[in-house]
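Biologist: I should like to take a close look at one part of this model before turning to its surroundings. Please describe that part in a connected way.

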Amino acid sequence: MLDRLPFLIGLRYVRAKRRNHFISFISLTSMLGLMLGVAVLILVLSVMNGFDHELRTRILGMVPHTKIEAQGGMTDWKTLAERLEKRDHVIGAAPFVQQQGMFSSEGRTQGAMVNGIVPSYESKVSIIDEHMTRGSLDDLAPGEWHVVLGDLLARNLGVGVGDRVTLLVPEASITPGGVFPRLKRFTVSGIFKIGADLDANLAYANIKDMQKLGRMGDSVGGLRLELDDLFQAGPVTNAIVDDLGSGYRGVDWTYTHGNLFQAIQMEKRMIGLLLMVIIAVAAFNIVSTLVMVVTDKHADIAILRTIGAKPGTIMRIFMVQGMAIGTIGTVVGMALGVVLALTVSDLIAWFEALTGIQFLDPNVYFISYLPSQLQWGDVGIIAGSAFVLTFLSTLYPAWRAARIQPAEVLRYE
């Protein structure tokens, strides 16, 4: 019975109506603050995870996880591609020829990177097939001089499918009339839309056409590789280059887009830390609540000590009371945060349809909706942190209660 005493009395203090309504108000405020802090932190981190996932799947779905290039170009690229696809973590390989240039159409100009590709291989390393709004990669037949443009690039040039654009490449052609920049007319055969800045500076053409334009013969610039785990890009690239020997070099996505993802991770950590302060403030409000409860219950504590309760028993009573307040707030906050994280995209879409206000303009942001991805690991860390802060906040008031001397209290009763 004595072992159950702290739990029975501590939980009874949580349920009991107090003569001092201010104490009840502070107790309720602490519980609500903890609940809202936990819920908001789960929601915000889920939204950050959603943005991270969208960036990872969209941008890195178009950008190669790693590129293997050879000095002077590759000629026997098919054999090398089959060899690399047998390696661990490599799930696809495709050849490419890259050419920086400038498109022009009816007085409008726009710089872009043109990727020469083999359409049948490109689906192994890219998600572009899933984001074609008009036309198809299969229209990039060799010798037809067709090009697929990003949505923003096409809009900036004012062109659509069937229109012609001129590509100017920064290489000179020597003719009897003098030195002129190299130009070639292309026909727009398709348009893709990823929803990222790649839409404004990326285009695709057949690899045979780009080889002719670059006077490369049958060689290609290199191989793009798709990995089953993009975070293994560095070690996998280094291992491949070491095996291939001199004359080859590898460039993985961390060199081209690593800063973007590092920035997202840093923002997630900083926002999480700032919002954790809200939970800390709510948890430490429990200190005020318990201190006032201890003051209000001096006589009860003195009577318990008189009938044989030990200081440790008194201490556990108020720790149970504080932990009960914190547990209720944390559990309810977890439930609320999980529900909001799972439904926030639909809720925002419903609100946008109701009010006509668009939160994320697709012309400004890389997506037009609010993404959310709940990760139970984050929920566990948040809940664990809330419980730890709540436990720490109960120690001082409980210690003060345990030090109360019954003789000093009962003298004036």
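Biologist: Why does Phe351 count as partly exposed, and not as buried or exposed?

Modeller: This is a predicted model, and the assignment of Phe351 follows from its relative accessibility. Phe351 counts as partly exposed because its relative accessibility is 33%, and that class lies between buried, under 20%, and exposed, over 50%. Phe351 belongs to helix H11, which spans residues 311–355. On the surface, Phe351 joins Trp350, Leu354, Ile357 and Phe359 in a nonpolar patch. Together these residues have about 550 Å² of accessible area.

A patch of another kind is formed by Asp129, Glu130, Asp138 and Asp139, and this one is negative. Asp129 is placed in the loop that runs between helix H4 (119–122) and strand E4 (132–134). Asp129 likewise counts as partly exposed, because its relative accessibility is 40%.

The strands may be described next. Strand E2 (residues 90–105) pairs with strand E3 (residues 108–117) in the antiparallel sense, and nine bridges link the two. Within this pairing, Gln110 in E3 is the residue opposite Phe103. The hairpin of E2 and E3 has two residues between the strands, and Glu106 takes a positive phi near 50° there. E3 also pairs with strand E8 (residues 202–206), in this case in the parallel sense and over five bridges. There, Asn115 has Tyr204 of E8 as its bridge partner. As a general point, side chains in a regular strand alternate between the two faces of the sheet.

Key: Residues are numbered from 1 along each chain as its sequence is written. This is a predicted model: local features need pLDDT of at least 70, side-chain atom pairs count only at pLDDT 80 or more; totals for chains, interfaces and linings use all residues. Side-chain values use heavy atoms; hydrogens and water are left out. Two strands pair if DSSP finds at least two bridges between them. Helices (H or I, at least four residues) and strands (E, at least two) are DSSP runs, numbered from the N terminus. Patches are made of residues with over 30% relative accessible area and no salt bridge: like charges are joined within 9 Å, nonpolar side chains (Val, Leu, Ile, Met, Phe, Trp, Tyr) within 5 Å. Accessible areas come from the Shrake-Rupley method with a 1.4 Å probe; for residues, only the protein chains shown count as cover. A salt bridge is a side-chain nitrogen of Lys or Arg within 4 Å of a carboxyl oxygen of Asp or Glu. Lys and Arg count as positive and Asp and Glu as negative; His and the chain ends are not counted. The place of a charge is taken as NZ of Lys, CZ of Arg, CG of Asp or CD of Glu. Buried means under 20% relative accessible area, exposed over 50%, partly exposed in between (1.4 Å probe, protein chains only).
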